[in-house]
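Q: Please take a close look at the nonpolar interior of this protein. I should like a connected account of the residues that form it and of the elements around it.

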Amino acid sequence: VDPETHEPMALTERGLILVRGSNVFAGYLGRESSDAFSMVGGERFYITGDLGFLDADGNLSLSGRLKRFVKVGGEMLSLPAMEEAIKAMHPDDEEGVSQAAVVSYETDGERPWIAAFTVFEASTSEINALLKAAGFSNIARVQHAVQVPEIPLLGTGKTDYRSLQDQLRGLVEAEQPVT
């Protein structure tokens, strides 16, 4: 399917891979979550995060992973690249636990909000100076620098970006005037 609209794509066109079947889990325990699933043609599919295409014979070929990007001013910014620039100055701890994560939150008609969550103290201007020193353009800047006791992790040990995105959404909504 198309990665943004989740509309089915033609054979041989690269898109987001969705799966369903009796061997695919039904959801997260104790949590109502629609972010891991998509309704297509009236059926519920798990969003794998993988990219691929079907050939004329129906064979699936994997061609990559859906990356974390955000479009700002017509430019695609890589959130993992921004994260790596911050981590260059503050590497993961001795156990490999991440010291920083970058997430975005988009609202209709507005510039996407980008935040750096860190376990160390850093201001928004300090984070943006790090990004500039790493060679990022002025368009690649954070609006929030948030110090947290630890970067939240999923059960797999990977960063829980959804939880951080929810925190950013709360910050953005608290700043927006009620109309």
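A: In this predicted model, the largest nonpolar core holds 18 residues, and those touching the most other members are Met-82, Ile-86, Val-102, Ile-114, Ile-127, Leu-131 and Val-142. Five elements each contribute at least two residues to this core: strand S5 (69–72), helix H1 (79–89), strand S7 (100–105), strand S8 (113–118) and helix H2 (124–133). The greatest contribution, four residues, is that of H1.

Met-82 illustrates how parts of the chain meet here. Once neighbours within four places in sequence are set aside, Met-82 is in contact with Val-102, Ile-114, Leu-131, Phe-136, Ala-140, Arg-141 and Val-142. A second core, separate from this one, comprises 12 residues, including Phe-117, Val-146, Leu-164 and Val-172.

Strand S7 deserves particular attention. All six of its six residues are buried, so S7 is largely enclosed by the rest of the structure. The covering extends to both faces: Ala-100, Val-102 and Ser-104 are buried on one side, and Ala-101, Val-103 and Tyr-105 are buried on the other. S7 runs antiparallel to S8, to which six bridges join it. Within this pairing, Val-102 faces Ala-116 of S8.

S8 is in turn joined to S9, here in the parallel sense, by four bridges. Ala-115 is the residue that stands opposite His-144 of S9. Strand S9, residues 144–147, shows an alternation of its side chains: His-144 and Val-146 point to one face and are buried, whereas Ala-145 and Gln-147 point to the other face and are not buried. Val-146 is also among the members of the second core.

Helix H2 supplies at least two residues of the largest core, and Asn-128 likewise has its place in this helix. Is Asn-128 buried or exposed? Its relative accessible area is 19%; the cut-off for a buried residue is under 20%, so Asn-128 counts as buried. Leaving out residues up to four places away in sequence, Asn-128 touches Arg-141 and Val-142. Both Arg-141 and Val-142 also appear among the contacts of Met-82.

Another part of the model to consider is the second largest pocket, which contains about 390 Å³ of space. Its lining consists of 17 residues, and those lying nearest the centre are Val-1, Leu-16, Ile-17, Leu-18 and Leu-54. Strand S1 (15–19) and strand S3 (43–54) are the elements that give two or more residues to this lining, with S1 providing the largest share, five residues. In terms of class, the lining of this pocket comprises 14 nonpolar residues, two polar residues and one charged residue.

S1 itself is mostly covered, since four of its five residues are buried. S1 pairs with S3 in the antiparallel sense over four bridges, and Val-19 is found opposite Tyr-46 of S3.

These parts belong to a chain with three helices and nine strands, arranged from the N terminus in the order β-β-β-β-β-β-α-β-β-α-β-α. Of its 179 residues, 33% count as buried. Among contacts between residues at least 6 apart in sequence, 53% join residues at least 24 apart.

Key
Residues are numbered from 1 along each chain as its sequence is written. This is a predicted model: local features need pLDDT of at least 70, side-chain atom pairs count only at pLDDT 80 or more; totals for chains, interfaces and linings use all residues. Side-chain values use heavy atoms; hydrogens and water are left out. On a 1 Å grid over the protein atoms alone, a cavity is a set of points where a 1.4 Å probe fits but cannot get out, and a pocket is an open set with protein on both sides within 12 Å along at least five of seven lines; lining residues have an atom within 4 Å of a point. Grid points are joined across faces, edges and corners, and a volume is the space filled by probe spheres set on the points. Ala, Val, Leu, Ile, Met, Phe, Trp, Tyr, Cys and Pro count as nonpolar, Asp, Glu, Lys and Arg as charged, and the others, Gly among them, as polar. A nonpolar core is a set of buried Ala, Val, Leu, Ile, Met, Phe, Trp, Tyr and Cys residues joined through side-chain atoms within 4.5 Å. Buried means under 20% relative accessible area, exposed over 50%, partly exposed in between (1.4 Å probe, protein chains only). Contact means heavy atoms within 4.5 Å. Two strands pair if DSSP finds at least two bridges between them.
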